[in-house]
Amino acid sequence: MAKALAPKLGGALQERRAAITDGIDKAEAARTEAESVLAQHQERLAEASHEASYLRQKAIERSAQILAEMQEEGRRQRDSIIAVGHAQIETDRLAVTSVLRRDAGQATTDLAREMVAETMQDHTRQSRVIDRFLDELDEKAAAA
């Protein structure tokens with residue numbers, strides 16, 4: 001019986017051993033493939049992280065550039081506004097100077113006319129003429 005069963009048992013054991021070895025080989029191949037896939041995923045993750053850092057740095061640089069451009073444009077606008085303001089002030093100053101010269105000339109002429117018209121022998125009259133002239137100047141200044 002042992003001689004009849006031994007070849008069958010030996011064959012079954014051989015088959016079993018082959019199945020186990022084949023299972024181990026398949027498991028080893030699956031582990032190797034899984035390690036390869038893991039390595040690829042880690043490489044892709046590292047590339048994505050590097051790309052994200054690169055994009056973040058580019059965004060920071062671009063925002064700094066935009067800020068510098070905006071500051072420069074602000075300076076240009078400020079300088080333009082100041083230049084226009086200075087030009088307007090100069091124009092106003094010239095206009096006021098012209099008006100003041102005209103008014104001062106007119107006031108001088110008026111005073112001279114009144115002084116000539118009145119007799120200047122009396123001190124009281126002189127004071128009255130000067131007071132009246134100064135009052136008129138005050139009224140003109142208040143009206144202006």
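**Charged side chains on two helices**

Let me begin with Glu-139, which has its place in helix 2, the helix that runs over residues 123-143. Before I go further, please keep in mind that what we are looking at is a predicted model. Glu-139 has a relative accessible area of 56%, and because exposed means over 50%, this residue counts as exposed. Glu-139 does not stand alone, since together with Asp-131, Asp-135 and Asp-138 it forms a negative surface patch. Residues in such a patch must have over 30% relative accessible area and no salt bridge, so the 56% of Glu-139 satisfies the accessibility part of that condition.

From the patch I turn to the salt bridges, of which a search of the whole structure finds 11. As general background, side chains of opposite charge can pair when their charged atoms come close.

Which residues does Arg-31 pair with? One partner is Glu-28, where the closest N and O atoms are 2.3 Å apart, and another is Glu-35, where the closest N and O atoms are 2.5 Å apart. The spacing along the chain helps us to read the first of these pairs: Arg-31 and Glu-28 are three residues apart in helix 1, which covers residues 2-117, so about one helical turn separates them. For the second pair, Arg-31 and Glu-35 also both lie in helix 1, here four residues apart, and that again is about one turn of the helix.

Are these side chains buried, exposed or partly exposed? Arg-31 is partly exposed, with a relative accessible area of 41%, while Glu-28 is partly exposed at 39% and Glu-35 is partly exposed at 44%. The values fall into that class because partly exposed is the range between the buried limit of 20% and the exposed limit of 50%.

Further along helix 1 we come to Arg-93 and Glu-90, whose side chains meet in a salt bridge with an N to O distance of 2.6 Å. These two residues both lie in helix 1 and are three residues apart, about one turn of the helix. With respect to the surface, Arg-93 has 44% relative accessibility and counts as partly exposed, and Glu-90, at 35%, also counts as partly exposed.

Finally, I would like to point out a group in which the salt bridges join up, namely the network that links Glu-72, Glu-73, Arg-75 and Arg-76.

To close where I started, the patch of Asp-131, Asp-135, Asp-138 and Glu-139 is negative, whereas Arg-31 forms salt bridges with Glu-28 and Glu-35.

Terms used: Residues are numbered from 1 along each chain as its sequence is written. This is a predicted model: local features need pLDDT of at least 70, side-chain atom pairs count only at pLDDT 80 or more; totals for chains, interfaces and linings use all residues. Side-chain values use heavy atoms; hydrogens and water are left out. Patches are made of residues with over 30% relative accessible area and no salt bridge: like charges are joined within 9 Å, nonpolar side chains (Val, Leu, Ile, Met, Phe, Trp, Tyr) within 5 Å. Accessible areas come from the Shrake-Rupley method with a 1.4 Å probe; for residues, only the protein chains shown count as cover. A salt bridge is a side-chain nitrogen of Lys or Arg within 4 Å of a carboxyl oxygen of Asp or Glu. Lys and Arg count as positive and Asp and Glu as negative; His and the chain ends are not counted. The place of a charge is taken as NZ of Lys, CZ of Arg, CG of Asp or CD of Glu. Buried means under 20% relative accessible area, exposed over 50%, partly exposed in between (1.4 Å probe, protein chains only).
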